[in-house]
Amino acid sequence: MLCQKHIYADISSGDFFTPSFRCPHQVERVGTLGDGGKWVCGLDRIASQRTPCTIYSFGVNGESSFEAALLTAAPQCEVWGYDFSVSSFGPEVHNDTALRARSHFFPFALGSEDSPYSNPPTFTLQTLMHQNGHSFIDVLKVDIEGAEFESLASFVNAFAPSADH
């Protein structure tokens, strides 16, 4: 019984059930089973485009099967990864010279406000995009253990029209 429990320890219900958001394109699971993989809307469209694409990944946690699969499927893409709890992408990207050449890793946290001198250094999504010279993100993955909504709310609020207008 213990052995069987161990086998399934890294598998979650999210591995088998499609997400509950509306996607007008193909939805597919990318990366390994468990916490490493994620559902993506429209990867086939991104993979077939000829122009460069931008991927942001928050919450690497030493496992980069998701990022490696995206970079493999879409060779015109580059990924910017952020995670203050590790020092690099996981071995799926870090140990592959071709993938590593299209990846950029920073030990920063995503937050609702900029705090570059805190431990860990924390930045808003809009600040990181500005620092990287990006005005558009093709794929955004945020898996930061409960801080997703607070961090993204500041991003939405920065670009949403004010109630006065």
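These entries record what I looked up in this structure, which is a predicted model.

**Entry 1: the largest nonpolar core**

I began with the largest nonpolar core, which holds 19 residues. I asked which of its members touch the most other members. They are L70 and C77. I then looked up where the core residues come from in the chain. Helices α2 (43-48) and α3 (65-73) and strands β3 (53-58) and β4 (77-82) each supply at least two of them. The most comes from α3, with 4 residues.

**Entry 2: the surroundings of C77**

I next examined C77, setting aside its neighbours within four places in sequence. I noted contacts between C77 and I46, C53, I55, L71 and R102.

**Entry 3: a separate core**

I also found another core, lying apart from the largest one. This other core has 12 residues, and I noted F58, F123, L125 and M129 among them.

**Entry 4: the second largest pocket**

I turned from the cores to the second largest pocket, for which I recorded a volume of about 270 Å³. Which residues line this pocket? I listed R29, G37, K38, W39, V40, F66, V139, L140, K141, V142 and D143. The elements giving two or more residues to this lining are the strands β2 (38-41) and β8 (139-142). Of the elements, β8 gives the most, with 4 residues.

**Entry 5: the character of the lining**

Finally, I asked how many residues of the lining of the second largest pocket are nonpolar, polar and charged. I entered 6 as nonpolar, 1 as polar and 4 as charged.

Terms used
Residues are numbered from 1 along each chain as its sequence is written. This is a predicted model: local features need pLDDT of at least 70, side-chain atom pairs count only at pLDDT 80 or more; totals for chains, interfaces and linings use all residues. Side-chain values use heavy atoms; hydrogens and water are left out. A nonpolar core is a set of buried Ala, Val, Leu, Ile, Met, Phe, Trp, Tyr and Cys residues joined through side-chain atoms within 4.5 Å. Buried means under 20% relative accessible area, exposed over 50%, partly exposed in between (1.4 Å probe, protein chains only). Contact means heavy atoms within 4.5 Å. On a 1 Å grid over the protein atoms alone, a cavity is a set of points where a 1.4 Å probe fits but cannot get out, and a pocket is an open set with protein on both sides within 12 Å along at least five of seven lines; lining residues have an atom within 4 Å of a point. Grid points are joined across faces, edges and corners, and a volume is the space filled by probe spheres set on the points. Ala, Val, Leu, Ile, Met, Phe, Trp, Tyr, Cys and Pro count as nonpolar, Asp, Glu, Lys and Arg as charged, and the others, Gly among them, as polar.
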